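Here are some notes to read alongside the structure. Keep the 3D view open and find each residue as it comes up.

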Amino acid sequence: MRAFGSVLCKAAKQTTGFCVRQQQNHSVAGAFSAIRSRLILNSHNSALSRRTYSTENPSSEKPNEESKESTDQEKPRERLLPATGPLSPLGIGLFVATAVGILYYFTVVKERVQQERKQNRARGATYGKADIGGPYELTDQDGNTVSEKTFRGKFTLVYFGFCHCPDICPDEMDKIGDAIEMLERSTEMAGAVQPIFITCDPQRDSPEAIKEYLQQFHPRFVGLTGTFEQVRQACKGYRVYFSKPPKVAPNQDYLVDHSIFSYFMDPDGEFIDVYGKDKPAEYMASDMKRRIKQFLDAGRTIEK
């Protein structure tokens with residue numbers, strides 16, 4: 001009986017220990033279950049929260065599109081043309097202005113320049129020509145007072161020399177006479193050029209002396225003289241150099257050093273060209289004829 005009781009007691013202790021362990025196991029399992037439930041609940045609440053936000057904004061893409069549009073509006077729009085450079089508005093404007101200027105030049109200015117050149121060719125003028133000619137007042141071989149205006153309306157061929165010249169002046173005067181004769185073979189050119197002789201030695205070349213001297217040459221020659229100052233003024237206008245010995249006794253013979261050129265002037269008194277000693281009469285006649293023809297072709301007239 002005592003043995004049975006000890007068995008029961010031992011069994012009871014074992015049972016109690018088992019129950020305690022079972023209770024402890026149940027407690028641990030309950031704790032894990034509670035933690036699991038709390039995690040599930042939190043996860044559920046998070047999902048519910050996301051679902052609620054999604055419900056309030058059914059289209060998640062629409063706010064993004066609106067935000068993108070507002071961002072695009074805030075950004076500066078790209079320019080169609082660059083701010084600087086040849087393709088900028090300023091560069092294009094300068095190009096257009098330049099093109100208009102060039103067009104104006106070729107349509108208006110060029111036409112005016114061509115007209116001026118045509119008039120210059122009609123006068124036989126050349127660019128960069130010497131400033132030759134000018135006003136003078138002298139006396140011709142008949143004692144008449146003449147000036148450069150006396151010969152306006154005609155071409156003139158002016159030569160400076162002196163009556164006592166032994167060789168050069170007579171040769172040049174003959175050459176001028178030959179050129180005039182060649183021109184006058186054409187009816188159109190007859191009387192178009194007036195040959196003029198101006199003395200560089202007014203001390204000895206009086207009107208009477210010049211008249212006698214000119215009888216040796218072409219009959220259309222006009223001889224001019226005057227006081228020393230008048231002759232000097234005429235020579236200065238034509239850029240003619242002349243010089244005589246500084247000390248000359250009365251009735252002493254002497255030579256005058258001077259330029260040897262023939263000056264071709266137009267009817268307006270403007271310089272056309274100069275012919276030196278090396279130019280023959282044929283060249284002078286041909287060149288003068290060409291210049292006169294240009295003058296007539298421009299619609300100008302010549303007094304004869």
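1. Which residues in helix 7 are buried? They are Ala 281, Met 284, Ala 285, Asp 287, Met 288, Arg 291, Ile 292 and Phe 295. Please keep in mind, here and below, that you are looking at a predicted model.

2. Stay with helix 7 for a moment and check its length. The helix has 17 residues, 281-297, and at 1.5 Å a residue they should span 24 Å. The C-alpha atoms at its ends are 24 Å apart, so the expected span and the model agree. After the helix comes Gly 299, and its phi is positive, near 90°.

3. Next, the aromatic rings. The structure holds 11 aromatic pairs. One of them joins Tyr 275 and Tyr 283 in an edge-to-face arrangement, with 6.2 Å from centre to centre and 80° between the planes. Tyr 275 has a relative accessibility of 1%, under the 20% limit, so this residue counts as buried. Tyr 283, at 36%, lies between 20% and 50% and therefore counts as partly exposed. Both tyrosines belong to one aromatic cluster, together with Phe 155, Phe 264 and Phe 295. You have already met Phe 295 among the buried residues of helix 7.

4. Two charged side chains are worth finding as well. The charged end of Lys 279 sits over the ring of Tyr 283, 5.6 Å from the ring centre. In the other case, the charged end of Arg 204 sits over the ring of Tyr 254, at 3.5 Å from its centre.

5. Now try the cysteines: how many disulfides does the structure hold? The number is zero. Cys 169 shows the reasoning: its closest cysteine sulfur is that of Cys 165, 3.2 Å away, and a disulfide needs the two sulfurs within 2.5 Å, so the gap is too far for a bond. Cys 200 is in no disulfide either, and the nearest cysteine sulfur, in Cys 235, is 4.4 Å away. Is each of these two residues buried or exposed? Cys 169 is buried, with a relative accessible area of 0%, and Cys 200 counts as buried at 3%.

6. Asp 201 is a nice example of a residue that meets partners from elsewhere in the sequence. You will find Asp 201 in the loop between strand 4 (193-199) and helix 5 (207-214). Its relative accessible area is 2%, so Asp 201 is buried. Leaving out residues up to four places away in sequence, Asp 201 touches Gly 161, Phe 162, Tyr 254 and Val 256. Gly 161 is 40 residues away in sequence, yet the two C-alpha atoms are 7.8 Å apart in space. Tyr 254 is the residue whose ring lies under the charged end of Arg 204.

7. Compare Glu 172, which lies in helix 4 (residues 168-183). Glu 172 is buried, with a relative accessible area of 4%. Its contacts, apart from neighbours within four places in sequence, are with Tyr 159, Ile 260, Gly 276 and Lys 277.

8. Finally, please look at the confidence. The mean pLDDT of the protein is 79, and 68% of its residues reach 70 or more. Confidence is highest in strand 5 (residues 222-225), at a mean of 98, and lowest in helix 1 (residues 2-56), at 50. Over residues 11-22 the pLDDT is below 50, and this stretch has zero contacts in the model beyond near neighbours in sequence. Residues 52-61 are also below 50, again with zero contacts beyond near neighbours in sequence.

Technical notes: Residues are numbered from 1 along each chain as its sequence is written. Side-chain values use heavy atoms; hydrogens and water are left out. Helices (H or I, at least four residues) and strands (E, at least two) are DSSP runs, numbered from the N terminus. The expected span of a helix is 1.5 Å times one less than its number of residues. Buried means under 20% relative accessible area, exposed over 50%, partly exposed in between (1.4 Å probe, protein chains only). Rings of Phe, Tyr and Trp (its six-membered ring) pair if their centres lie within 6.5 Å; planes under 30 degrees apart count as stacked, over 60 as edge-to-face and the rest as tilted. A charge sits over a ring if NZ of Lys or CZ of Arg is within 6 Å of the ring centre and within 35 degrees of the ring normal. pLDDT is the predictor's confidence in each residue, from 0 to 100. Contact means heavy atoms within 4.5 Å.
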